[in-house]
Every structure is written in structure tokens, then in C-alpha cells.
Amino acid sequence: MNDILPGEVETWQHLEEQARRIFRAYGFAEIRVPVVEKTELFCRSIGETTDIVEKEMYTFSDKSGNSLTLRPEGTAPVMRSFIQNKLHNRDPIAKLYYMGPMFRYERPQKGRYRQFHQIGAEVVGVDDPKIDAQVLAMLVHFFEEVAIPDVELQINSLGCPECRPAFRNLLIDFLQERLESLCEDCQRRYRTNPLRVLDCKAKGCREATLDAPSMLDHLCGGCTGHFAQVRGHLDDLAIPYAVNPRMVRGLDYYTKTTFEVVTGSLGSQNAVAAGGRYDGLVRELGGPPLSGIGFAMGVERLVLMKGEALVQPPRLELFLAAIGDEAARQAFILMSSLQRRGHRAEMDYEGKSLKSQLRRADKLRACHVLILGEDEIARQAALLKDMDAGTQEEIPLAGLEELLLERLRRL
Ligand code: HAM
């Protein structure tokens, strides 16, 4: 679990601001849900046999003996809230986004943490494949706006309760004949969660499943048509993508369209964003039979990918260097007034020497320094240094604030 410190946090804020701005344009409203939910919510939605539920949840009993879990993802809590607050009665289509911490007890490595942050978006109530393409368009738009390079959008279809069971059985039969080549994990889970084997990183599993049957060849008519239309809409919007028939998501609620935004630059944690359709989830959780689709991006991974292009903290506009009590008093009043008008102004609070005050102005990368010394006060003037141009001018104290506001506006 990481601290996010000044210097890094500016990049986080930038990503969050861009997400808010872009998601708003696509009609999404923010929803904020608690970080803790009943454990049962995640078991029912993500699936009992998934890695997340089997081994990665932070689960505890509260003082009344309820089993609670720190949310490992955002979709289930948002759907719980959607149902509980009957949001479908307000609007038959809900477009919601969220950002915040998620918790998974995974083995930490680059790009994988136990507390991490997601920015996610969900749409409830639209079956039409146009919404799949819209959600992907918004995701791709975000990546373009924040200038994250070298990413590829991969899509797949995982079918529906009509076509997936037959495919599952086919896959189990296929895996059964190759059991001894599979890793220990996959030998254990090939019956309960055979699709996961297709996604296993172990060399033996990869080789053994090279010619495994593909879900895409076993979709029912409805799913085939839906997937073809999603692809058609993506083509209409000129959104590049690759079909990855081996993509299997680590959560059980998915149906039909699934997708990931992957990168080559983060080692094995290569998914920066992921999501898909979950048409049965709202009903499974006790709500009306409404379909859903959404995604979540991993903010830590986005920040890692920004690499050298991190957002710099803003420069200080004005440092007020004052010598003597009366100068410090006047500088303090002036600084406070500039701050109230939204300017980044700073001064020394401890009566340090001019030299040490100027050092601090340098450290804060001040654009301007105003020197108010005893001599200057006696002359009813101050010295304004432009740190980039290397120039300085004496300006009268009368009308000083107006003149400073004029200069700072030009920054
Ligand atoms: P997920 O694939 O489990 O999907 O996570 C989405 C993204 O969160 C990943 O692509 C990755 O960027 C980030 N992420 C996941 N685990 C970690 C971790 N331990 N450390 C750092 N980043 C991580 C979901 O969570 C679904 N709720 C997405 C979704 C929304 N599907 C439909 N709607």
C-alpha cells in the first residue's frame, strides 16, 4: 500500500480531472460508494472460484459478527447501490463513474499493489451494441487525452448463459486430455473455472492450450450478431482494436463483450484498463433484469506509464522576501490578499536572512520575488525581481498590489 506524495499527486489529480471532464461529455455522473461491503456481495458477483474471492479479499468480522470485505473492485458495490437506491426508477439508463481505492491481497510487484486505485465507469440498462462501442470510445478518448502511449485495445466475446456452458464442457474435455502439462493451479481449477486456464501465464499451460477451442467459434447466434455489431461500430468510429480470443477475465460476471487495454511496458501486469458486459449481474444481485457494461482503469499503472511525462507541481508565482518587522507585517498582508485572489504566493515566516529567503524562493521555483527591506520601506518602495528574465525594478508601495496583480496575470 503506497503513500501518494506531493510531486506525484499532481499526476493523479491531472488524470482524475481529465476523467471527470471526458466522462461528463459522454453523459456520466459520479457515484461514491463505501469502501466496505458485505462479503457475500463479492462472492455472488465476482464468483466463488475466482482468485479474487478465493485468496485475495481483505475480509473481517465486525463487532456484531457480520462478515465484511474491503472492496476488491467497484462494479459490484455500484450495482448494489443501483439496486438499493432504485436508480432505474429515476432513469431507465444509468451512466455512472467512480474513482477510489480498491483492495486485493495479491503478491505485490511493479504495477500490482494491495491498495490500488481505479477510475471506472458503468452503464446499466442498454443492450444495444452501440453502447459497447461508446464505452470503448470513451476509454480510448481518455488514453488519447492524457497522452499515454503504446497501448492496444483488445476485445473478445465470452458468450452468454445460452452458449457458454456447452463451450465450457468442450474445454473441460480438451483440458482433461492434457492434464499432466498443466500447472498445479490449473489442474485444480480446470473443472470449476476452465476458461482461466486459457489465461494462465505458466509455460506448460500456454503450450498445452495452443490449439484449444475458441469461444468465438462457439457463440450462439445472438452473441455472434452482437459481437459483429460492436466491431462494426468500432470501425465506424475508426477505433483500432485487436480481437484476442484467449482473453479471459478474472471475474465471473462477464457476458458477451469483454476487453482490455494492454501495454508492453509494464511487464507481466500488462492490463491498464479492463472491463466488459455483465448482463446477468443486476438480476443476480436482486435487481431488475437489466444489462450492464463498464470498465476500470488502474491509476497506479497509468501513472507508471506516464513515465517521464509526469505532471509537474505548479510553480510559485511570487515569493515575498521581507527584512524587519514592519516589512514582514506589510508582506504578510499583501501575501494574504494575493492568496485570496487565487495567486500562489509564499513568504518566510521566521525572520531569516535575505540570502536564506532567496534560497527558499529558488527552491520553490518562484517566478517573481518581491524584496521588502528596511531601506525600501523607508523609500516607500519595493524591489520586484523577474527570476526568469533576470531583471529587477523598483516599484512604489502605493498601488503595489494592483501592479503585482497585473504582472501575475501575465504569467
Ligand atoms: P480488473 O481487471 O480486475 O477489473 O481490474 C481493472 C484494472 O484495475 C486492471 O486492468 C488494472 O489496471 C487495475 N488493477 C487490478 N488489480 C490491481 C492491483 N493489484 N494493483 C494495481 N492495479 C490493479 C475490474 O476490477 C472490473 N470491476 C472492471 C469492470 C468494470 N468491469 C466492468 N465494469
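Which strand gives the most residues to the shell around the ligand? In this predicted model, that strand is E10, with 6 residues. Strand E10 (271-277) is joined by strand E6 (115-124) and strand E11 (292-298), each of which supplies at least two residues of the shell.

The shell around the ligand holds 27 residues, and those that come nearest are Glu 73, Glu 106, Glu 122, Arg 249 and Tyr 254. Nitrogen atoms of the ligand take part in several polar contacts. In the side chain of Glu 73, an N or O atom is 2.6 Å from a ligand nitrogen. The side chain of Glu 122 likewise places an N or O atom 2.8 Å from a nitrogen atom of the ligand. Tyr 113 contributes through its backbone, with an N or O atom 2.9 Å from a ligand nitrogen. The ligand taken alone exposes 660 Å², of which the protein buries 96%.

Turning to helix H14, this element spans residues 325-340. Its 16 residues reach 23 Å from the first C-alpha to the last, close to the expected 22 Å. Ala 327, Ala 331, Leu 334, Met 335 and Leu 338 are buried in H14. Viewed down the helix axis, the buried residues of H14 fall within an arc of 105°, so they line one face. The cover over these buried residues includes strands E12 (318-322), E13 (345-347) and E14 (368-372), together with helices H16 (374-378) and H17 (400-409). On the other side of H14, Asp 325 and Arg 340 are exposed. Just after the helix, Gly 342 adopts a positive phi of about 90°.

Conventions
Residues are numbered from 1 along each chain as its sequence is written. This is a predicted model: local features need pLDDT of at least 70, side-chain atom pairs count only at pLDDT 80 or more; totals for chains, interfaces and linings use all residues. Side-chain values use heavy atoms; hydrogens and water are left out. Helices (H or I, at least four residues) and strands (E, at least two) are DSSP runs, numbered from the N terminus. The expected span of a helix is 1.5 Å times one less than its number of residues. Buried means under 20% relative accessible area, exposed over 50%, partly exposed in between (1.4 Å probe, protein chains only). The arc is that of the directions from the helix axis to the C-beta atoms. Contact means heavy atoms within 4.5 Å. A residue is near a molecule or strand if one of its heavy atoms lies within 4 Å of it. A polar contact is a pair of N or O atoms within 3.5 Å; within protein, one must be able to donate a hydrogen and the other to accept it, and residues adjacent in sequence count only if both atoms are side-chain atoms. Accessible areas come from the Shrake-Rupley method with a 1.4 Å probe; for residues, only the protein chains shown count as cover.
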